[in-house]
Structures are given as structure tokens and as C-alpha cells.
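I sat down today to go through one model and to note what I looked up, beginning with a pair of strands and ending with the nonpolar interior.

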Amino acid sequence: MKSDGKHSHHTHAHAHQHTEPTAQGVAATASAAQWTCPMHPEIVRDAPGDCPLCGMALVPVAGTADTDDTELRDLTRRLWIGIALSIPLIILAMSPMVGIKEPFGLMPRPRGWIEFVLGTPVVLWVGWPILRKFWLSLVHRALNMYSLIGLGVGLAYLFSLVAIFLPDLFPREFREHDGAVGTYFEAAAVIVTLVIMGDVLQLRAMGQTSQAIRELLRLAPNLAWRLRDDGTEEQVALESVVVGDRLRVKPGDKVPVDGTVIDGASRVDESMLTGEPVPAAKAAGDRVTGATINGSGSLVMRAERVGSDTLLAKIVHMVGEAQRTRAPIQRLADLIAAYFVQVVVAIAVVTALAWWFVGPEPRLTYALLNAIAVLIIACPCAVGLATPISMTVAMGEGARAGILFRNAEAIERMREIDTVVVDKTGTLTLGKPALTEFAAAGMPENEALALMAAVEQLSEHPIAHAVVEGAKTRGLALQPASSFEAVNGLGVMAEVDGRKVFVGSRDFLARHGIDSGRWEAQAENLRAEAKTVVFLGVDGAAAGIAAVADPIKDNTPEAIAALKRSGVRIVMLTGDSRRTAEAVARKLGIDEALAEVLPGDKAGHVKRLQAAGHKVAMAGDGINDAPALAQADVGIAMGTGTDVAMESAGVTLVKGDLRGIARAATLSRATMRNIRQNLVFAFGYNALGIPIAAGVLYPAFGLLLSPIFAGAAMALSSVSVVTNALRLRRTRFD
């Protein structure tokens, strides 16, 4: 059967299923655990450690490992010891600067030895992770932030060692009255302590970035109630559930896996997937998703997707993969960071030479301290973190709101979208057409409907299914049909009980000499109500007319209104007739309706809009939408649709809720705004800090930046970037 709209037959395909680590069995699959670098997502290891490129601690890939806080605990212990030793060190070193010439009665030489005893454990033990990463950066020839820190701390410490053990190597003007030379153990120790403090704060903040994913993982139940053939129940581990098992979901329990309800009725809280607080009603035939929470009713379900095939497992896998991708905006930060360390070292050398040749006495001291300050304050960790940390948080928050981004580029592109193309069936509508009207002439109505349904039962088209279900609802018995023929886009015909039956558009009947003009006025009225009209012809005469409507989703009007408020133009694609398409467009306030679109033409319409200068997002759910989804600047798949559509899209709306498009755009804009703020924090801080550390303000104001303050500013810059990124967790989607 084909209507007057150019419908095509639906085909079914089974998409390739992922075999990634399951969401439910994460704890049991330690061998699958992986760690990655937050700044260099291409670095993936099977065990925790440090990134060979930047030295940062590797973090668990979302969904493959429980949070390992071994490094955090180790650094925290080192931090407290560093603080305990640095405080008396600062008191001893700073006392002469505030007028106390001999603190605790100590002359400069014995005071230097005490500073050596206090400072050495801080530099060599507390700072061992820094020194190790500094050495690795040299071995791998991958200069990074630890190259600068290690160089600065090493210079201050080695200068101080020479001052303690070989003071006679220094000119007389460098020495105190007892022959001692000033040391900088306190600068080296405090810088180490501040860097370790920054790493501790950063690790704690990084632990929060994938919190949304960890919360989803914790939602997965460990046990399920399986029904035996004799009707009794047994409690089994979730890993032992297989496709086809009948499972009982008791009141208040979590749904164990994805499947279909076969008995019972209840309301299920699906807020973990959709963000919607109102539980959804479930009865026999309805789909349920693993890890959602059953209400007060009891359900019996059939397991259909288990292990890595469940929606929860796919969400965790998709977000984990997406968090390791790079956004185009990060290329700028990467390009600058690639040359940054070399430039900073050059600036430090120039600074040292300038102070050595034209600075005031003691020139060597000024040259050393200012070069160290430049090295420390220029640490580029904040630059490297600016983009990936925001993307990681945004993807986690998107997942919590039912929005899955396939990669970082999809987030960046989403904010530029000015046109959204939506496929009507299954996207704006439920995708389940129902028979709404039927009229007959020349024979009883039920007899005519039974003939139409007898032919339609051989067609797999959704409208054919609606006619068959409508006939069955009326209790009509359907006779077998023979000699079935289908003409794509027009209609179907067959023989039923010796009668030649035609079902389809007016043109289809006309081709076979059947005039259905008597129904045309009624057909126009039905089309004006956004209904699809199907004509019936029996033995050469017009015998009836049926109207089929695909109900619009409850949330579609709200979603369309939200998109229009944000200034987005909405274009609808449909295979329906122009009259039907325009009626739907009028009802929903859609800007443009493209009717009688064949499945293969959808990508062409997207290209046409792009050629006109529009940034296009395409929303669809079917296999035939996949080319258009791939062509669009951002493809948006309904999670209720086919896996092929989800594989082709940059964004997946988990429950097929169109309101997710506006939410995705909101999150995209918030994320890009957050990244720009982070880059301003990072680059702006370096742009201001390096000249001050080099001493450009000294001639006019006598102002210099101590390496200690440079270390504090460096640590705080990284923490400020991470903290700012975490603000994305408070994004409002309303």
C-alpha cells in the first residue's frame, strides 16, 4: 500500500554492535581498565602513570576503571611534609629582610646550613615527582611545564649548594661578614611545595570532571530476578543474564537490562537518561532501559540487550571515546604550546644576560632570581588544560541530560547551527501511524476495510501496519491475499477472495482505470488536518478512503518553540503530500516544509541549505536518514531510532526528545564560552606574568617578582582553569 505521499518501504537492518567493556561489569574487568592524559587524549595506557609528553598524571578513561587515588594520597602526604619543612625555612630566610639580622641568634653561615638541612628533603623527596618528570621530559625530548619548573628549582638549589659548600668561588661582594653567601633553599622549597599543592588541587578537581559518568556507572544494578520455566524466581548476577531471559522487576528495583515489558504495569523513573523528573508509564509492549528505577508496580520483562549492548554501556563508551577527542579550537593552544617552552627558556636566558650586564649589584643574584621567576611563572599547564578540561566536563553533563556527543568537534560546531532540518516520521511524530477515519461506498464499511487490510498485511510500510491494526481493533478477520504487487511510492495491489483490490494514492488507482474523484473533497479536508489519505479500489471501482495520522510527540511543540526562541530556522522533511506537510508545519510553527521527499534525496536537501551559507543540523532516526546525518554540519540521531543513525550522527538524543537539540546548543555555547574564559586566564596570565618576572617594571617602580610568588601564581592559574571548567556542571538547560 502506498499513499498519495511518496512513501518508501522500510527495511530492517541490524547494525554492528560494540563489544566494549560493559557498564555493569567494570569492576570485574580490570584487564580492560585504561588511563589517558587529560591534555593529550591520544596517550592511552593500560596502567596508571605519567604522560610522556607533558608529565601530567594519567586519569582513568571514563567507564573502564574505578578512580585510583594512589597518586593523590602520595602527593597529599608529600605536600604536608613540604609545608611543615618550608614554614621554618621561610622564617629563617625572610627574617633578615624584616630587620632581624640574626634570627634565633644564628649567624649567616650556620643559618645557611640549617636551611640546607630543611630545604634538601623538600627539593629531593617532596619534589621527586617533579624532578622525575623533568628528567623524563629531557629523555623523551618533549619539553613541557615540568621542564620549566625543574629547570627553575634545579638552578636555585644548585646555586645554593655551591654557596654552602664552595663559598670562596663567589666574589667578595656576594659574602656576608662571616664569609657566608646568600642561599635560595627557601625559594626552591616553596616553589616545589606550591607546585605539589597545585597538582593536588588539580587531581581533586579532575576527579570531579567525569563524576556524571561515575554516577551512571553506580546506577547499574548487580543482581536480577530471573523467572524459571516453572514460574519460580531465582536471583542471579547481572553478568549471567542473556538475551531472551524473562526477568521480574520488583517495586523500587532497578531495571537490570534493556528489554520489553511482557506483563504488568508501573511507572519507571528514567531521569538518569532524560533528565525528566516525571516517571514514564510502562505496560506490556513498552520498552524499558537498564538502570532506570521501577515505581510501585511489578513488571515482567524480556531481556533484549545485555552487557555491552545496553544503552547505559553504550553511553559510557561513547562519552569515554568522545572525551579523548580534540576540538578544533584546541589546535590554537597546541600550536602555541609546541613552541612555548623553547620561547620561555630563550626569554629566561635573555633576562639573565640583561641583568648580568646592565643590572645593579649583586648582578649574578638578580640575573639568577629573575631568570628562575620567568621559568616558573611561564609554566604552560593552564594553557594545555584550558580546552580538554571543559570538554570533559561538558560531555559528562550532556550525558546526564540525555545528550551524547560523539566527539569534541560536535560540541564546538553545535553553537554555530542556524538551521535545523528534521525528519517528520519518528522525529516530530511518534513514528507509529494509526488509522483515524475510514469510509466506504458500494459495500459495507467493515467489508471494505477488511479487503484493504488483507492486502496491507503483506506490506511492511508503517501506514500499512496502521490499517491492519485498525481492522484488527474492530475485530475483523483478514482473508489471505495472493498475486501481491507493490509500486514504490504509489501503492499496492493483490487478489482477495477472487477480487482485485488496489490500495494507494489517487494517481495509483487512476493508472488502473479507477476514478476516485468522489472522495477528493473529503481527502483534501483530511490532508488539511495533517492526515495521510489512502484510497481503496475493488474490481475497477472506487470503494473507500482511509485516513492515517502519525501522532505528534507531546514534547515536539515545546521543542520547536525553544529552537525558534534561540533564533534557529526549522525545516521539515517528509514523504507526505504537500498539503499534509503544510498542515503539520502550520500546526507546529515550522519555517519551511519540504514534502514528497524520497529517502535518497534527504542528503541533497541538506547540501542545498549548506550551499546557501547555512550551518545545518539534521535530526533523524532511520536507516535512510544516515547519509543526511553524515552530510550535515552536526547530525542528531534520536536514541529511539536505529544504530546506523546513531553511528552517523555527531549528537545522539538518548530518548529521542527533540528538546535535547536546544539543550545541546545551550551546552555548546556555555562550553565554548567557558573555553574562551580558560584561554584568557591562561594566556593572559602568561602575557602579564612573564614581563613582570623578567623585571620590566624594575627601572620605573623598583618592582620585582619573587620566584616564590611566581610559583604561587603558576599553581593558582591551573587551579583557576579547572575550577572555571567545573562551573559547567551548573549549566541550566531551561
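In this predicted model, I looked first at strand E4 (residues 223-227) and strand E5 (residues 233-237), which pair in the antiparallel sense over five bridges. I noted that Leu227 has Glu233 as its bridge partner in E5. The two strands form a hairpin with five residues between them, and in the turn I found Gly231 with a positive phi of about 95°.

I then turned to the charged side chains around this hairpin. Glu233 also forms a salt bridge with Arg248, with the closest N and O atoms 2.4 Å apart. Because Arg248 lies in strand E6 (residues 246-249) and Glu233 in strand E5, this pair ties together parts that are 15 residues apart in sequence. Arg248 is partly exposed at 24% relative accessible area, and Glu233 is partly exposed at 28%.

I looked up Glu234 next and found a salt bridge with Arg228, the closest N and O atoms being 3.6 Å apart. Glu234 is partly exposed, with a relative accessible area of 24%, and Arg228 counts as partly exposed at 35%.

Last, I asked which residues touch the most other members of the largest nonpolar core. They are Phe405, Ile636 and Ile661, in a core of 56 residues, to which helix H23 (residues 659-694) gives the most, with nine residues. Leaving out residues up to four places away in sequence, I listed the contacts of Ile661 as Met414, Val420, Leu563, Ala619, Ile636 and Leu653. Apart from this core lies another, of 31 residues, among them Leu92, Leu118, Ile130 and Ile149.

Definitions and conventions. Residues are numbered from 1 along each chain as its sequence is written. This is a predicted model: local features need pLDDT of at least 70, side-chain atom pairs count only at pLDDT 80 or more; totals for chains, interfaces and linings use all residues. Side-chain values use heavy atoms; hydrogens and water are left out. Two strands pair if DSSP finds at least two bridges between them. Helices (H or I, at least four residues) and strands (E, at least two) are DSSP runs, numbered from the N terminus. A nonpolar core is a set of buried Ala, Val, Leu, Ile, Met, Phe, Trp, Tyr and Cys residues joined through side-chain atoms within 4.5 Å. Buried means under 20% relative accessible area, exposed over 50%, partly exposed in between (1.4 Å probe, protein chains only). Contact means heavy atoms within 4.5 Å. A salt bridge is a side-chain nitrogen of Lys or Arg within 4 Å of a carboxyl oxygen of Asp or Glu.
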